[in-house]
Amino acid sequence: MNSLTDITAARTGAPNPGDKRMSHAHISLQNIHKSYGEALAVDRLDLDIEEGKFIAIMGPSGCGKSTMLRMLAGLEDVTSGDIMREGQRINDLAIWERDMPMVWQSLALFPFLTVRENVEFGLRMKGVGGAERRSRALEWLGKLGLEGYANRGIDQLSGGQRQRVALARCLVTEPSVLLLDEPLSALDAHLSVQMQGELKRLQRELGITFVYVTHSHSEAFSMADTVVIMNQGRIEQAGSPEDIYLRPATPFVARFLGGSSIFDCKTRRRKNGELTLESTDGSFSYTGPELVEQDEGDEVSLIVRADQISIAPGAGWAENEVSARVVGEEFVGALVNLRLETAAGTPITVQLQQRDMQALDIEVGASVTASWHPEDGHIIKT
């Protein structure tokens, strides 16, 4: 079975279910199926998770990411396939035997217990004595900046403080794996950014394996060592944040991440290290690293990131150019995301500095030329 390293190297994101090599991963999901009657939630999923890594799992609603997390935790049974930990099958282990606590989206703190009693709860379930429970709970509250809050009620805490209590409750048991199901989704933007830094710091200092489910691109790409993109119960791509951002393995991944324009093309000829691509929007030249992998007549998707495209009111400045109309704009701090549409109906996204947008003096409805260099972009055989 392919490891995440293998998947990244191949840049396909599709593990080979027929590969039966022995896995040395900390946790290994092998040919996992999960169905609810006729509804298939997870389909032939293979994933190796290395010890001490921060793994972020993303995908649209209903793609199976939370179901996969719940199967790891033992909250959902596996329909077929094996979950392995250090080479041992754990499918039949009870929740409390897996030592994989979960930080919930809702946090699931007990309102009738104090902060310290909430943190002690897991230790109490393990039969740890009262004095040791108290000592370890106070130690973790101190590590998470909650000194002086031990005797408060949960309803006396802010959202960020509650988040820290939920983390302390899981970490006090000293697990080697921590599962997190969209734990920051209820926080406002400022607190979320703060907690992202806190989570990454804790993960690095403790060396715990984090398996983190999120809808947020910024959370996944800022914290994770490896990002896994799921779609319809399967893994579309797994790799480093940089690799996935720069080289999406499928058109789905590019669309899911957003910020890219996708042109459906056919390869026509290769000459002097340059590939000609024909699309409904015209001919484009391509000289990127995937050039050697293409044969004439291949159907490919040309993916060009928003920051690789420039626009002008008149003629373009690069070898590749296409006429389009401005159909929308979005201000994001110092940046402006412009949405364009070609005569053939292809959407184009362009990212500009706000000062450049002001200098262009372009409004919604204007006709422009979008341009990019042949070496820019990335092509995927479809």
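Helices and strands in this tour are DSSP runs, a helix having at least four residues and a strand at least two, and they are numbered from the N terminus. The model on screen is predicted.

**Stop 1: the two domains**

Begin by colouring residues 15-246 as domain 1 and residues 258-381 as domain 2, which is how the chain is divided. Taken over C-alpha atoms, the centres of domain 1 and domain 2 are separated by 39 Å.

**Stop 2: the second largest pocket**

Next, select helix H8 (217-223), strand S17 (335-342) and strand S18 (347-353), each of which supplies at least two residues of the lining of the second largest pocket. Of these contributions, the one from H8 is the largest share of that lining, at three residues. The space in this pocket comes to about 440 Å³, and to centre the view on it, pick Tyr245, Leu257, Gly258, Gly259 and Gln351, which lie nearest the pocket centre among the 16 lining residues. Which parts of the chain does the lining of the second largest pocket draw on? Both domain 1 and domain 2 contribute, with at least three residues from each. Colouring this lining by class shows six nonpolar, eight polar and two charged residues.

**Stop 3: the enclosed cavity**

Keep Tyr245, Leu257 and Gly258 selected, and add Pro248, Ala254, Ser260 and Arg305, to obtain the lining of the largest cavity. A search of the whole structure finds one cavity of 30 Å³ or more, and the largest cavity holds about 50 Å³ of space. Its lining divides by class into four nonpolar, two polar and one charged residues. Tyr245, Leu257 and Gly258 thus appear in the cavity lining and are also listed among the residues nearest the centre of the second largest pocket.

**Stop 4: the largest pocket**

Move now to the largest pocket, whose volume is about 630 Å³. It is lined by 18 residues, and those closest to its centre, which make a convenient selection for orienting the view, are Ile95, Pro101, Met102, Phe121 and Gly122. Show helix H3 (95-98), helix H4 (115-125) and helix H6 (159-171) as well, since each supplies at least two residues of the lining. Which element gives the most to the lining of the largest pocket? That is H4, with three residues. By class, the lining of the largest pocket consists of 13 nonpolar, two polar and three charged residues.

**Stop 5: a five-stranded sheet**

Return to S17 and S18, which belong to an open, antiparallel sheet of five strands in the order S15-S19-S16-S17-S18. Strand S15 (310-312) and S18 stand at the edges of the sheet, and because each has a single partner strand, one side of each is left without a neighbour in the sheet. From one strand to the next, the twist averages 45 degrees. For a view of one pairing at the residue level, select S15 together with strand S19 (residues 367-372), since these two run antiparallel and are joined by three bridges. Within this pairing, Ala312 stands opposite Thr369 in S19.

**Stop 6: an aromatic pair**

Finish with the aromatic rings, of which the structure holds eight pairs. Select Phe54 and Phe210, whose ring centres are 5.3 Å apart and whose planes meet at 50 degrees, so the pair is tilted. The two residues are 156 apart along the chain, with Phe54 in strand S3 (residues 54-58) and Phe210 in strand S8 (residues 209-213), and the pair therefore links distant parts of the chain.

Notes:
Residues numbered from 1 in each chain as written. Predicted model: local features only at pLDDT ≥ 70, side-chain atom pairs only at ≥ 80, totals over all residues. Heavy atoms only, no water. 1 Å grid on protein atoms, 1.4 Å probe; cavity = no way out; pocket = protein on both sides within 12 Å on 5 of 7 lines; lining within 4 Å. Points joined across faces, edges and corners; volume = space filled by probe spheres on them. Nonpolar A, V, L, I, M, F, W, Y, C, P; charged D, E, K, R; others polar. Domains from an automatic or database assignment. Pairing = 2+ DSSP bridges. Axes fitted to C-alpha atoms, helices over the stretch in contact; angles between N-to-C directions. Phe/Tyr/Trp six-rings, centres within 6.5 Å; stacked < 30°, edge-to-face > 60°.
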